[in-house]
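Please look through the sequence and the structure shown below before reading on. The paragraphs that follow take up a surface feature, a pair of helices and two loop residues in turn.

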Amino acid sequence: MDWLIDLGYVGLFIGSFAAATVLPFSADALLVALLALDFNPYISIVVATAGNFLGGLTCYGLGWIGKWEWIEKLGVKEDTLQKQKDKIDKWGPYAALLCWVPIIGDVIAVALGFYKAPFWLSALYMFIGKAARFIVWALLFYAIV
């Protein structure tokens, strides 16, 4: 993570993007590290949100191009897919508010794309959730420091 910190805002963008994909990484820790180094909090939040949002949209896009047959070949049963589809049909784009949650957020983003949830609403709610996440982390950092 040190090399990302050395890259400053560019590193924050890269790390935040990577964290929004299936790569195990903590954009939160990277944001806090830069804030501790006196990086501008507003710019940091915008950069982290942009990277994480675009990473989430990448997961949505991967889901969009996915096919049932591919998922079934991975050993996922059709009834499992149907249960997940029912949840996406019920919550739709609102589920994108939870795309910031570690591990399951990536799955939600892929599922939204896979089940063809409306793109613009999914993107809007995904952005709101991810921005709120980084705002909260920055506020917590400054409350503690």
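**A walk through the predicted model**

Isoleucine 128 lies in helix α8, and it is a convenient place to start in what is a predicted model. At 40% relative accessibility, isoleucine 128 counts as partly exposed, because that class covers values between 20% and 50%. This residue belongs to a nonpolar patch on the surface, which it forms together with Trp91, Tyr94, Leu97, Leu98, Trp100, Leu121, Leu124 and Phe127. Together, the residues of the patch have about 860 Å² of accessible area, and the largest share of them, 4 residues, comes from helix α8, which spans residues 119–144.

Towards the N terminus, the reader can turn to the packing of helix α2 (residues 9–19) against helix α3 (residues 27–36), whose axes are 8 Å apart and meet at an angle of about 160°. Because angles over 145 degrees are classed in this way, α2 and α3 count as roughly antiparallel to each other, and their crossing is left-handed.

The loops offer two residues with a backbone feature worth checking. In the loop between α3 and α4 (41–65) sits aspartate 38, whose phi is near 65°, a positive value in a residue other than glycine; with 70% relative accessibility, aspartate 38 counts as exposed. Lysine 116, found in the loop between α7 (104–114) and α8, likewise has a positive phi, near 60°, and is a residue other than glycine. At 39% relative accessibility, however, lysine 116 counts as partly exposed.

Definitions and conventions: Residues numbered from 1 in each chain as written. Predicted model: local features only at pLDDT ≥ 70, side-chain atom pairs only at ≥ 80, totals over all residues. Heavy atoms only, no water. Patch = residues over 30% accessible without salt bridge, like charges linked within 9 Å, V, L, I, M, F, W, Y side chains within 5 Å. Areas by Shrake-Rupley, 256 points an atom, 1.4 Å probe, with all protein chains shown as cover. Salt bridge = Lys/Arg side-chain N within 4 Å of Asp/Glu carboxyl O. Buried < 20%, exposed > 50% of the residue type's maximum accessible area, 1.4 Å probe, protein only. Axes fitted to C-alpha atoms, helices over the stretch in contact; angles between N-to-C directions. Parallel < 35°, antiparallel > 145°, perpendicular 65-115°, else oblique. Left-handed = near helix turned anticlockwise from the far one by under 90°.
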